[in-house]
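Grab a pencil and work through these exercises with the viewer open. Each one has a task, followed by a solution in small steps.

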Amino acid sequence: MDDFDLLQEATQEAEAAEDSRALYEVKMKFLGRTGKVTALLKGMKEIAQESRPAFGKKVNALREALEEKFASLEEKIKQRELEKKLAGENIDVTMPGRHTKQGALHPVTRVKDRLIDLFSGMGFEVFEGPEIESEYYNFTALNTPADHPARDMQDTFYLTEEFLLRTQTSAGQIRVMEQKKPPIKILSPGRVFRSDDDATHSPMFHQMEGLVVDKHITLCDLQGMLDEFAKKMFSETSKTRLRPSYFPFTEPSVEVDVSCAACGGKGCSLCKGTGWIEVLGAGMVNRRVLENCGVDPDEYSGFAFGMGIERIAMLKYGINNIKLLTENDTRFLEQFKD
Ligand code: PHE
């Protein structure tokens, strides 16, 4: 076959190739190891000795011409394929973006963090006690011996005769006073457990305990601090009022109401027409409790308070069922984004 025919044949086939894969196949057909041009070179030995140099020159020229041709076609095809790919990847900047779900802090965490922030500003330090407590810390040292009727106020989950799931963060008061000499100013957040279950009570909930022990601490210090807490937590115009109550570990004991933020104290369904909402329990630390911890009650006095974090979250965000706080329904939780 004439090498000129081969050049034409290869050029025609190469130009007809639609993509780089097809072009590669044509290239192999002529220039590959078993290709037609390669076959010409292999057939050299059958040619008369004197004609070989001229023949070799011609075949080499043919090969070079073809290689050049393939290279330029390859370049063109690659360019075309790139343009096609880019056209297919066109970005429509007017399309709405893809929505990624973002997590948010749970309302109980938000209130807990807010409380820590607020009380740290008044000089309180955080102390966390254990969730499994002994009867001694949860009751006895808090002036609530075994036969004390106040033990019935809190239905307790007992683990053994001696150990239980703490029913109140007040247990932490004892641990702190045992470890630290006054002045004491601690805040103790944590989970507590009671066998109690309805729309406003859950067998597990969170409390925030506060304890201040120093010289000359009075009930006025407690109320001043609570006023500040109510204003920062609920509204600038919030007020507090103390009502006499009973806890074995405080004397006197009080129930603390905050003016209803929903109606501004006029009376509404949330505050059941009273204008006030009960928010926490508090009082002056009972002398017996100080004595139990080796603190001299004639030298030192103190106040303590304990609030339910869920209860505050419910009041603050208008949540009417405590179960919403443990169901983890994202439709509910999503509403607490900043
Ligand atoms: N521990 C009490 C309760 O759980 C609350 C409280 C704390 C009362 C500190 C007085 C002082 O109900």
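**Exercise 1.** Decide whether cysteine 293 is buried or exposed.

Solution. Start with the cut-offs: buried means under 20% relative accessible area, exposed means over 50%, and partly exposed is in between (1.4 Å probe, protein chains only). Now take the value: cysteine 293 has 10% relative accessibility, so it counts as buried. Try the same step on cysteine 260: its relative accessible area is 2%, so this cysteine is buried.

Before you go on, a word on what you're looking at: this is a predicted model, where local features need pLDDT of at least 70, side-chain atom pairs count only at pLDDT 80 or more, and totals for chains, interfaces and linings use all residues. Residues are numbered from 1 along each chain as its sequence is written, and side-chain values use heavy atoms, with hydrogens and water left out.

**Exercise 2.** Find how many disulfides the structure holds.

Solution. The rule asks for a pair of cysteine sulfur atoms within 2.5 Å. Applying it gives zero disulfides. Cysteine 260 shows how that works out: its nearest cysteine sulfur belongs to cysteine 263 and is 3.7 Å away, and cysteine 260 is in no disulfide.

**Exercise 3.** Work out which kind of aromatic pair tyrosine 136 and tyrosine 137 make.

Solution. First, the rule: rings of Phe, Tyr and Trp (its six-membered ring) pair if their centres lie within 6.5 Å; planes under 30 degrees apart are stacked, over 60 edge-to-face, and the rest tilted. By this rule there are nine aromatic pairs. In the tyrosine 136 and tyrosine 137 pair, the ring centres are 5.3 Å apart and the planes meet at 80°, so this pair is edge-to-face. As for cover, tyrosine 136 is partly exposed because its relative accessibility is 34%, while tyrosine 137, at 15%, counts as buried.

Phenylalanine 229 and phenylalanine 234 are also an edge-to-face pair, with 6.2 Å from centre to centre and 80° between the planes. Both of these phenylalanines are buried. They belong to one aromatic cluster with Phe119, Phe124 and Phe305.

**Exercise 4.** Say where the cis peptide bonds from proline 182 to proline 183 and from glutamate 251 to proline 252 sit.

Solution. Helices (H or I, at least four residues) and strands (E, at least two) are DSSP runs, numbered from the N terminus. The bond from proline 182 to proline 183 has omega near 5°, and proline 183 is in the loop between α7 (171–179) and β4 (184–193). For glutamate 251 and proline 252, omega is about -5°; here proline 252 lies in strand β7 (residues 250–259).

**Exercise 5.** Describe asparagine 143 and lysine 272 by phi, place and cover.

Solution. Asparagine 143 isn't a glycine, yet its phi is positive, about 60°. You'll find asparagine 143 in the loop between α6 (135–138) and β3 (163–165), and at 13% relative accessibility it is buried. Lysine 272 also has a positive phi, near 50°. Its loop runs between β7 and β8 (276–285), and lysine 272 counts as exposed because its relative accessibility is 72%.

**Exercise 6.** Find how far apart the centres of domain 1 and domain 2 are.

Solution. The bounds come from an automatic or database domain assignment: domain 1 is 3–88 and domain 2 is 107–336. Taken over C-alpha atoms, their centres are 89 Å apart.
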